[in-house]
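Here is a short briefing to read alongside the structure. It walks through the sheets, a helix pair and the ligand surroundings, one topic at a time.

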Amino acid sequence: MGETLLEVEDLHTRFRTRGGTVHAVEGVSFTVEAGEIVGIVGESGSGKSVTARSLVRLEDPGFIPEGSIDFDGIEMTEANERTVRRVRGDGMAMVFQDPMETLNPVFSVGEQIVESIKVHESPDRQRLLEYLNVPLFGSWDDRRGMRQRAIDLMGDVGIPHPDERISAYPHEFSGGMRQRAMLAIALAREPDLLVADEPTTALDVTIQAEILERIRELNEELGMGVLLITHDIGVVAELCDRVVVMYAGQVMEEGPVERVLTEPRHPYTESLLGCMPQNTSRGEPLNVIDGQVPSMIGEPTGCPFANRCGHSSVDCREAPLPEERVGDEHVSNCHHVDELATSTEVER
Ligand SMILES: Nc1ncnc2c1ncn2[C@@H]1O[C@H](COP(=O)(O)OP(=O)(O)OP(=O)(O)O)[C@@H](O)[C@H]1O
Ligand code: NI
């Protein structure tokens with residue numbers, strides 16, 4: 001750790017719609033160090049997925065009017081198509097909630113993993129393949145080696161009997177197995193950073209835990225950085241080193257997981273923690289934060305959480321978000337951080 005892999009600075013991503021311009025991501029900054037697992041957490045619609053997609057330039061039909069995405073020295077917001085393809089080929093790999101978004105139903109899982117290995121070895125080949133519209137054959141040894149590598153990768157992500165299942169098609173796999181196959185495709189590229197957008201949300205709890213555990217092991221074994229998008233604070237607590245809390249397209253709080261989750265210094269984080277099932281007695285309905293998520297149309301003023309927040313003042317409604325350093329690498333973008341100081345800190 002210690003080397004910055006990804007540095008996002010003041011990222012803005014917008015969508016033009018008939019109803020006006022949607023400000024989906026509004027001035028988001030964060031970093032991921034090599035080998036680190038960073039979580040982005042927030043309610044539905046807070047801009048997590050748009051942030052993730054913007055990193056690999058999949059924001060289309062949106063656009064990035066402002067901000068910088070520095071990945072390993074490459075400015076992604078200005079990179080040409082070829083560079084973007086190269087980064088996706090072996091720098092930043094993405095897995096999504098819905099594996100069918102990535103898996104192609106007409107090719108076997110094995111073929112798709114092999115294809116990903118080829119793309120990793122030569123990102124330009126991808127373009128050639130698309131252009132020629134025919135499969136390219138390497139030497140027999142190449143093909144045998146890649147097939148074996150695909151089998152190994154399937155084993156790595158926990159697909160049982162990979163040597164038999166390599167010829168299976170995506171529809172022959174269960175949801176959990178598809179998610180693993182997608183992870184194998186991503187890992188075939190030996191990425192420095194894995195961007196995983198709710199990779200296990202659709203799966204049952206046991207399978208979810210297994211896959212997340214696998215991601216953690218791969219992070220440890222390969223030193224692969226991970227940016228994990230989730231709305232599940234439990235997942236963040238278990239897996240992440242640092243967390244970025246987002247709301248309405250903006251960062252509310254950011255810091256080491258053990259600090260942010262035990263001593264939140266932003267009312268939004270506090271409310272989010274209050275909504276966790278563990279903090280609600282049995283039989284009680286799940287807490288939900290009162291009030292409405294603001295419309296994302298048009299330029300926001302003040303703190304987007306102000307209308308739902310018990311601490312809100314005139315500053316909150318009118319002034320730009322302050323960036324308050326509240327501890328080592330712990331930042332809260334709130335005017336009222338002092339009111340949220342933990343009791344132990346007040347005593348000091
Ligand atoms: N193609 C689009 N056109 C217009 N608005 C969009 C588009 N894609 C996303 N948005 C808007 O951007 C905002 C952020 O959406 P995003 O999908 O990033 O939220 P999220 O935090 O990932 O939520 P979830 O937890 O539900 O996945 C939302 O208000 C959404 O409606
Ligand atoms: Ni999302």
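Please keep in mind that this is a predicted model. Two open sheets are described below, one of eight strands and one of four. After them come the packing of H3 against H7 and the shell around ligand 1.

**The eight-stranded sheet**

- Following the sheet across, you meet its strands in the order S6-S7-S8-S3-S9-S10-S12-S11, and the pairing is mixed.
- Strand S6 (92-95) and strand S11 (324-327) are the edges; each has a single partner strand, so one side of each has no neighbour in the sheet.
- On average, neighbouring strands here are turned by 20° against each other, direction ignored.
- Within this sheet, strand S3 (residues 37-41) and strand S8 (residues 225-230) run parallel and are joined by five bridges.
- If you would like a pair to look up, isoleucine 40 stands opposite isoleucine 229 in S8.

**The four-stranded sheet and helix H1**

- This open sheet has the order S2-S1-S4-S5, with antiparallel pairing.
- S2 and strand S5 (74-75) lie at its edges, each pairing on one side only.
- Between S1 and S2 there are 11 bridges, in the antiparallel sense.
- Threonine 4 has glutamate 33 in S2 as its bridge partner.
- H1 packs on this sheet and touches S1, S2 and strand S4 (63-71); the direction of H1 makes about 65° with that of S2.

**Helices H3 and H7**

- Helix H3 (residues 109-121) packs with helix H7 (residues 175-187) at an angle of about 20°, and their axes are 8 Å apart.
- Because of that angle, H3 counts as roughly parallel to H7.
- The crossing of H3 past H7 is right-handed.
- H3 brings Val109, Gln112, Ile113 and Ser116 to the contact, while H7 brings Ala181, Ala184 and Ile185.
- Sorted by character, the residues of this contact are five nonpolar, two polar and no charged.

**Around ligand 1**

- Which residues come nearest to ligand 1? Of the 15 residues around it, they are Ala24, Ser44, Lys48, Ser49 and Val50.
- Strand S1 (4-17), strand S2 (20-33) and helix H1 (48-55) each give at least two residues to the shell.
- H1 supplies the largest share of the shell, three residues.
- By character, the shell has six nonpolar residues, eight polar and one charged.
- The ligand shell thus leads you back to elements met above: S1, S2 and H1 supply residues to it, and H1 packs on the sheet touching S1 and S2.

Conventions. Residues are numbered from 1 along each chain as its sequence is written. Chains are lettered from A and ligands numbered from 1 in the order in which they are written. This is a predicted model: local features need pLDDT of at least 70, side-chain atom pairs count only at pLDDT 80 or more; totals for chains, interfaces and linings use all residues. A residue is near a molecule or strand if its C-beta atom, placed from the backbone, lies within 6 Å of it. Ala, Val, Leu, Ile, Met, Phe, Trp, Tyr, Cys and Pro count as nonpolar, Asp, Glu, Lys and Arg as charged, and the others, Gly among them, as polar. Axes are lines fitted to C-alpha atoms, for helices over the stretch in contact, and angles run from 0 to 180 degrees between N-to-C directions. Angles under 35 degrees count as roughly parallel, over 145 as roughly antiparallel, 65 to 115 as roughly perpendicular and the rest as oblique. A crossing is left-handed if the near helix is turned anticlockwise from the far one by less than a right angle, and right-handed if clockwise. Two residues are in contact if their C-beta atoms, placed from the backbone, lie within 7 Å. Two strands pair if DSSP finds at least two bridges between them.
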